[in-house]
Amino acid sequence: MQFVWTSTVVTLISFGILYWLLSRYAIGPLMSVMEKRRELVLGQLNEASATREEAAAYVEQQKEALQQARKDAYDIIEQSRQTSGKQADQLIAQAKEESVRLKDEALRDIESEKNKAMAALRGEVGRVSVQIASKLIEKEIDEKSNEGLVDQYLKDVGTKS
């Protein structure tokens, strides 16, 4: 086997031209596409990471909002309990005041009616006593004497009762 220099040189020149053509028209654009793809993937990874961080922050905000809503609801419930307790106390106090007022009014009415009945009874007892005394004495007593007897009798009755 014989070594042919011309064929080797032509092969090396052909290889160099082929290498130059491939690097210029095939490998360069292919590397450029691959670099763009790498940058796109890195951008998507960074965007996914940022989105994940935003989602975590949003979840944390939602947890805080839920906690605040629960606290507000608890405060509202507690405030309504206190308000209802105060209203119940006020109603009880008003009812007590009303019952005391009604009791006092009833006592005043009873006392007034008692005094009226006592006065009527005294007048009737005085009149009946005078009539009995008149019948016993069988004489007519004048008006002045009648009043004197009634007063005397009422004094006697008042000291006995």
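**Exercise 1. How much area does the protein chain expose, and what percentage of it do carbon and sulfur atoms supply?**

Before we start: this is a predicted model, where local features need pLDDT of at least 70 and side-chain atom pairs count only at pLDDT 80 or more, while totals for chains, interfaces and linings use all residues. Residues are numbered from 1 along each chain as its sequence is written, and side-chain values use heavy atoms, with hydrogens and water left out.

*Solution.*
- Step 1: the exposed area comes to about 14,400 Å², using the Shrake-Rupley method with a 1.4 Å probe; for residues, only the protein chains shown count as cover.
- Step 2: carbon and sulfur atoms supply 61% of that area.
- Step 3: now look at burial, where buried means under 20% relative accessible area, exposed over 50%, and partly exposed in between (1.4 Å probe, protein chains only). Just 3% of the 161 residues in the protein chain are buried.

**Exercise 2. Work out the helix and strand count, then place Ile 17 and Glu 147.**

*Solution.*
- Step 1: the protein chain has two helices and zero strands. Both terms refer to DSSP runs numbered from the N terminus (helices: H or I, at least four residues; strands: E, at least two).
- Step 2: Ile 17 sits in helix H1, residues 5–137, and Glu 147 in helix H2, residues 143–160.
- Step 3: Glu 147 is partly exposed, at 49% relative accessibility. Its C-alpha is 9.3 Å from that of Val 130, with the two positions 17 residues apart in sequence numbering.

**Exercise 3. Find the residues that make the nonpolar surface patch of about 620 Å².**

*Solution.*
- Step 1: start with the rule. Patch residues have over 30% relative accessible area and no salt bridge; like charges are joined within 9 Å, and nonpolar side chains (Val, Leu, Ile, Met, Phe, Trp, Tyr) within 5 Å.
- Step 2: the members are Val 9, Ile 13, Ile 17, Trp 20, Leu 21 and Tyr 25.
- Step 3: check one of them against the cut-off. Ile 17 has a relative accessible area of 46%, so it's partly exposed.

**Exercise 4. How many salt bridges does a search of the whole structure find?**

*Solution.*
- Step 1: recall the idea. Side chains of opposite charge can pair when their charged atoms come close. The cut-off here is a side-chain nitrogen of Lys or Arg within 4 Å of a carboxyl oxygen of Asp or Glu.
- Step 2: the search turns up six.
- Step 3: take Asp 75 and Lys 71, whose closest N and O atoms are 3.3 Å apart. They're four residues apart in helix H1, so about one helical turn separates them. Asp 75 is partly exposed at 35%, and so is Lys 71 at 48%.

**Exercise 5. Which residues do salt bridges with shared partners join into one network?**

*Solution.*
- Step 1: Arg 101 pairs with Glu 98, closest N and O atoms 2.4 Å apart. These two are three residues apart in helix H1, so about one helical turn lies between them.
- Step 2: Arg 101 also bridges to Glu 105, at 3.1 Å between the closest N and O atoms.
- Step 3: put those together, and Glu 98, Arg 101 and Glu 105 form one network.
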